[in-house]
Amino acid sequence: MTCPLFFAERQEASLGGRTEVGNKSLGALYRAITHFPAVHPSKREFPVQHLLVFLYVSIHERKTIHEIYTELGMAQGTVSRIVQQLSIYRNRKTGQLDGLNLLRTERDLDYPQRVAVTLTPKGEHLKQQLMKILEGVEV
């Protein structure tokens, strides 16, 4: 199978070594992004909005839902639904626990309407794997 980022393997001599470094970075980014579906094998896709929310929380630990949707320019309902899907929740139809267990929410004791989003241990592990991939280390 050919990598959709086939251009990441090409080298442009006219730009010296800069293109080679950029292509390696793009290749590492591609490997990191394609690593996400492996987190939950029953789900074949990992939508880009889910990726953005996960990465934002990975970088900015303990952000509120409000801060996330404001910063990412998404609707509040979209971010709430994504956070739910990246967390563990009870499926209304089946009654079973569902979700990816990458994020968790915690209510602020002083202001209960405020919900902070943090990484679970599984989410932290995924973050570390992604960082290794971006550094060129096999996981």
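These legends accompany close-up views of a predicted model.

**Figure 1. Overview of the protein chain.** The protein chain holds five helices and five strands. Read from the N terminus, the order of elements is α-α-β-α-α-β-β-β-β-α. The chain has 139 residues, and 32% of them count as buried. Its accessible surface is about 9,500 Å². Carbon and sulfur atoms account for 54% of that surface. Consider contacts between residues at least 6 apart in sequence: 41% of these join residues at least 24 apart.

**Figure 2. The buried face of helix H3.** Helix H3 spans residues 65-72. Ile-65, Ile-68 and Tyr-69 are buried in this helix. Viewed down the axis of H3, the buried residues fall within an arc of 90°, so they line one face of the helix.

**Figure 3. Packing partners of H3.** The buried residues of H3 pack against four elements, two helices and two strands. The helices are H2 (48-59) and H4 (76-86). The strands are E1 (63-64) and E5 (115-119). Both of these strands also belong to the sheet shown in Figure 5.

**Figure 4. The residue after H3.** Gly-73 follows H3. The phi angle of Gly-73 is positive, near 70°.

**Figure 5. The three-stranded open sheet.** The strand order is E1-E5-E4, and the pairing is antiparallel. E1 and strand E4 (103-107) stand at the edges. Each has a single partner strand, so one side of each is left without a neighbour in the sheet.

**Figure 6. Pairing of E1 with E5.** These two strands pair in the antiparallel sense over two bridges. At one position, Thr-64 has Ala-116 of E5 as its bridge partner. E1 is also among the elements that the buried residues of H3 pack against.

**Figure 7. Val-137 in the segment after helix H5.** Helix H5 covers residues 121-134, and Val-137 is found in the segment after it. Is Val-137 buried, partly exposed or exposed? The relative accessible area of Val-137 is 41%. Buried means under 20% and exposed means over 50%. Val-137 is therefore partly exposed.

**Figure 8. Val-137 and Ala-28.** How far apart are Val-137 and Ala-28 in sequence and in space? In sequence, 109 residues separate Val-137 and Ala-28. In space, the two residues are 9.5 Å apart, C-alpha to C-alpha.

Notes. Residues are numbered from 1 along each chain as its sequence is written. This is a predicted model: local features need pLDDT of at least 70, side-chain atom pairs count only at pLDDT 80 or more; totals for chains, interfaces and linings use all residues. Side-chain values use heavy atoms; hydrogens and water are left out. Buried means under 20% relative accessible area, exposed over 50%, partly exposed in between (1.4 Å probe, protein chains only). The arc is that of the directions from the helix axis to the C-beta atoms. Contact means heavy atoms within 4.5 Å. Accessible areas come from the Shrake-Rupley method with a 1.4 Å probe; for residues, only the protein chains shown count as cover. Two strands pair if DSSP finds at least two bridges between them.
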